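Thanks for sharing this one. Here are a few points to go through with the coordinates open.

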Amino acid sequence: MTTCLITGANRGIGLELARQCAANGLQVLATCRDPDHATALQALAQDSEDRVTVLPLDVASGQSVAELKLALGAAPIDLLINNAGIMGPDPQTPLAMDFDGFADVLNVNLLGALRVTQALVDNVAAAKGKVAVISSMMAQYEFGGTNKLAYCVSKTAVTRALH
């Protein structure tokens, strides 16, 4: 059976990816920071006929990523979807910068995807699988002005880093 690991699967795009993958017969490893409070994801897992497994993962934490790797061991992963991400605080412009907030966004959106990919590269290779990253139109230079500079920069960087 094809196995897909999705980061940030507790809501939004990640939850819908988990739902669609399970509906198409994939074994889904759905990760999120706080599985106990991920009610929609837990409901999906309960209704999935054992196709969805919920696992704890905070992509911003090297320890959490290491614990996930330990739990998975050498299990092959056919598709790793780096979806976890945050928008960050408002505003985020060059003249009104929350530098700690900017660093948090980079840590989750860019470094988190790199952390997870690096930790699970052998699992993906074992399945001759693929790595995907969820980015954004806001990552493109043509998008125009925004007050979400940290988010835009992080999505541009992760797109480039995992291209």
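The points below cover the cores, a buried strand residue, a helix pair and some backbone details of this predicted model.

1. I would begin with the largest nonpolar core, which has 18 residues. Within this core, Ile6, Val28, Leu41 and Val52 touch the most other members. At least two core residues come from each of β1 (3–6), α1 (12–23), β2 (27–32), α2 (39–46) and β3 (52–56). The biggest contribution is from α1, with four residues. There is also a second, separate core of 15 residues, and Leu5, Leu68, Val108 and Val124 are among them.

2. Ile6 is a good place to centre the view. Leaving aside residues up to four places away in sequence, Ile6 touches Gly14, Leu17, Ala18, Cys21, Val28, Leu29, Ala30, Thr31, Ile81 and Asn83.

3. From Ile6, please step across to Ile81, in strand β4 (residues 79–82). Is Ile81 buried or exposed? Its relative accessibility is 6%, so Ile81 counts as buried, the cut-off being under 20%. With residues up to four places away in sequence again left out, Ile81 touches Cys4, Leu5, Ile6, Thr7, Leu17, Ala132 and Ile134. The C-alpha atoms of Ile81 and Ala113 are 9.0 Å apart, with these positions 32 residues apart along the chain.

4. Ala113 leads on to the helix pair, as this residue is one of those in α4 that meet α5. How do the axes of helix α4 (residues 99–126) and helix α5 (residues 149–161) cross? They come within 9 Å, at an angle of roughly 20°. Because angles under 35 degrees count as roughly parallel, α4 is roughly parallel to α5. The crossing of α4 and α5 is right-handed.

5. For the contact itself, α4 brings Phe102, Val105, Leu106, Asn109, Leu110, Ala113 and Leu114. On the α5 side are Leu149, Ala150, Tyr151, Val153, Ser154, Lys155, Ala157, Val158 and Ala161. Sorted by class, the contact has 13 nonpolar, two polar and one charged residues.

6. Two backbone spots deserve a look. The peptide bond joining Asp90 and Pro91 is cis, with omega about -20°, and Pro91 sits in the loop between β4 and α4. In the loop between α2 and β3, Glu49 and Asp50 are both worth checking. Glu49 has a positive phi of about 55° without being a glycine, and Asp50, also not a glycine, has a positive phi near 65°. Glu49 counts as exposed because its relative accessibility is 67%; Asp50, at 68%, counts as exposed too.

Note on methods
Residues are numbered from 1 along each chain as its sequence is written. This is a predicted model: local features need pLDDT of at least 70, side-chain atom pairs count only at pLDDT 80 or more; totals for chains, interfaces and linings use all residues. Side-chain values use heavy atoms; hydrogens and water are left out. Axes are lines fitted to C-alpha atoms, for helices over the stretch in contact, and angles run from 0 to 180 degrees between N-to-C directions. Angles under 35 degrees count as roughly parallel, over 145 as roughly antiparallel, 65 to 115 as roughly perpendicular and the rest as oblique. A crossing is left-handed if the near helix is turned anticlockwise from the far one by less than a right angle, and right-handed if clockwise. Contact means heavy atoms within 4.5 Å. Ala, Val, Leu, Ile, Met, Phe, Trp, Tyr, Cys and Pro count as nonpolar, Asp, Glu, Lys and Arg as charged, and the others, Gly among them, as polar. A nonpolar core is a set of buried Ala, Val, Leu, Ile, Met, Phe, Trp, Tyr and Cys residues joined through side-chain atoms within 4.5 Å. Buried means under 20% relative accessible area, exposed over 50%, partly exposed in between (1.4 Å probe, protein chains only).
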